[in-house]
Each structure stands twice: as structure tokens, then as C-alpha cells.
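User: I would like a close look at a single part of this model. Please set it in the context of the whole chain before going into detail.

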Amino acid sequence: MSRSLREAMKLLTKAPGFDRVWEKVTLVSAAPEKVICEMKVEEEHTNKHGTLHGGLTATLIDSISTMALLFTERGVPGVSVDMNITFMSPAKIGEEIVITANILKQGKTLAFASVDVTNKATGKLIAQGRHTKHLGNSANSRMKGTQ
């Protein structure tokens, strides 16, 4: 497992804003283009029905797919251009969830990721997300560097 990935996660827990979600996330494994994390659903993560909040699910999908993108040869986080999530079943307080992010493809300017959020005990799919990120335009970067 990448020590640098663990260090990046540690730094993110100290950042203000949404990246604080990393405080509660445990990195299970990291391989090129694939990151697996776990998290226990706590009251602070839930909606008024006591289940994992959809907004937090979106944050996890965004953050963990970005971490998987960082764990590629290019190592560029990119910026989100599209994300869609299908919610299939609830996760309740006290349940452990597994978040598995896979990079499906990286092109010159776009990267595509798929993320499954599952119940650790049952394997039941809680949510599935697709995330598209813009990686920057290498031609523009070269031009800026020469001016």
C-alpha cells in the first residue's frame, strides 16, 4: 500500500471543509487505479431517517475516486465535470460500509471512475457512482510554461 497515499489522506483530515470526511475513513488497500476504504456510519453521517445521507455518499464517491486517480501513473486529481449516483439501499447507524473506487479510463483530458458503496457485513450494494474528471489540457499547460 502506498505510504504517500496514507500521508495524503492524513493531510486531508486537517483541511477545512468537506475533506474532513477523511477523519472517519480507513484506507483498506490501494493498487494502481483502485482504492478501497471503509467507514462506520455514525449519527453525524445520517439524514433525519437515521440512514447514510445522500450528500455524504456523494462526498465519499467524489473523494475516494479522486484518491484512486491520484494513485495512477499520472497522479493528477483533476476537477469534477460530471457525477451521477444511484442509491439502492440504506446504510444505518453502526453499519460498516466499504467504498471501492476504480478508474475505468484515463484519456488526455478526461478520466472516468466507478465507485461502489456496499454494506461490509452483507455485501449489499448501497450506492453506485460514476465520476468524470477533467485532468487539464496538456497543450495549454505547455503554452503557459513558455510564456
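What percentage of the 147 residues of the chain count as buried? After that, please concentrate on strand 2, and say where strand 2 sits and what surrounds it.

Analyst: This is a predicted model. Of the chain's 147 residues, 38% count as buried. The chain exposes about 8,500 Å², and carbon and sulfur atoms supply 52% of that area.

The chain contains 3 helices and 6 strands, which follow one another along the sequence as α-β-β-α-β-β-β-β-α. Among contacts between residues at least 6 apart in sequence, 61% join residues at least 24 apart.

The 6 strands form an open sheet in the order 1-2-4-5-6-3, with antiparallel pairing. Its edge strands are strand 1 and strand 3 (79–87), each of which pairs on one side only. From one strand to the next, the twist averages 20°. In the sheet order, strand 2 stands between strand 1 and strand 4. Strands of a sheet pair through backbone hydrogen bonds, in either a parallel or an antiparallel sense.

Strand 2 covers residues 34–40. It is largely enclosed by the rest of the structure, because 5 of its 7 residues are buried.

On one side, strand 2 pairs with strand 1 in the antiparallel sense over 6 bridges. Within this pairing, Ala30 stands opposite Val35 of strand 2. The two strands form a hairpin with 2 residues between them, and Glu33 in the turn has a positive phi of about 70°.

On the other side, strand 2 pairs with strand 4 (96–106), again in the antiparallel sense, over 7 bridges. One of the residue pairs here joins Lys40 to its bridge partner in strand 4, Glu96.

The turn residue Glu33 lies in the loop between strand 1 (25–31) and strand 2. Its relative accessible area is 36%, so Glu33 is partly exposed. Leaving aside residues up to four places away in sequence, Glu33 touches Ala68, Phe71, Thr72, Ala101, Asn102, Ile103 and Gln106. Among these contacts is Ile103; the C-alpha atoms of Glu33 and Ile103 are separated by 5.0 Å, although the residues are 70 apart along the chain.

Within the strand itself, Glu38 deserves separate mention. Glu38 lies in strand 2 and has 17% relative accessibility, so it counts as buried; the cut-off for buried is under 20%. The Glu38 side chain makes a polar contact with the side chain of Lys120, at 3.1 Å. Beyond four places in sequence, Glu38 touches Lys24, Val25, Thr26, Val28, Glu96, Ile97, Val98, Ile99 and Lys120. One of these neighbours, Glu96, is also the bridge partner of Lys40.

Strand 2 also contributes to the largest nonpolar core. That core has 30 residues, and those with the most contacts inside it are Met39, Leu60, Ile64 and Ile97. Two or more residues are given to the core by each of strand 1, strand 2, helix 2 (54–70), strand 4, strand 5 (110–119) and strand 6. Helix 2 supplies the largest share, 7 residues. In soluble globular proteins, nonpolar side chains tend to be buried together.

Leu60 links several parts of this picture. Leaving aside residues up to four places away in sequence, Leu60 touches Val21, Val25, Met39, Ser65 and Ile97. Two of these, Met39 and Ile97, are listed with Leu60 among the residues that have the most contacts inside the core. Val25 and Ile97, both touched by Leu60, are also touched by Glu38.

Helix 2 also has contacts away from strand 2. Ala58 is in helix 2 and, with 18% relative accessibility, counts as buried. Not counting residues up to four places away in sequence, Ala58 touches Met83 and Ile85. The C-alpha atoms of Ala58 and Asn84, 26 residues apart along the chain, are separated by 8.5 Å.

At the other end of the sheet order from strand 1 is strand 3. Strand 3 pairs with strand 6 (125–134) in the antiparallel sense over 8 bridges. In this pairing, Thr86 has Gln128 of strand 6 as its bridge partner.

In short, strand 2 pairs with strand 1 over 6 bridges and with strand 4 over 7, has 5 of its 7 residues buried, and gives two or more residues to the largest nonpolar core.

How values were computed. Residues numbered from 1 in each chain as written. Predicted model: local features only at pLDDT ≥ 70, side-chain atom pairs only at ≥ 80, totals over all residues. Heavy atoms only, no water. Helix = DSSP H or I, 4+ residues; strand = E, 2+ residues; numbered from the N terminus. Buried < 20%, exposed > 50% of the residue type's maximum accessible area, 1.4 Å probe, protein only. Contact = heavy atoms within 4.5 Å. Pairing = 2+ DSSP bridges. Axes fitted to C-alpha atoms, helices over the stretch in contact; angles between N-to-C directions. Areas by Shrake-Rupley, 256 points an atom, 1.4 Å probe, with all protein chains shown as cover. Polar contact = N/O pair within 3.5 Å; in protein donor to acceptor, adjacent residues only side chain to side chain. Core = buried A, V, L, I, M, F, W, Y, C linked by side-chain atoms within 4.5 Å.
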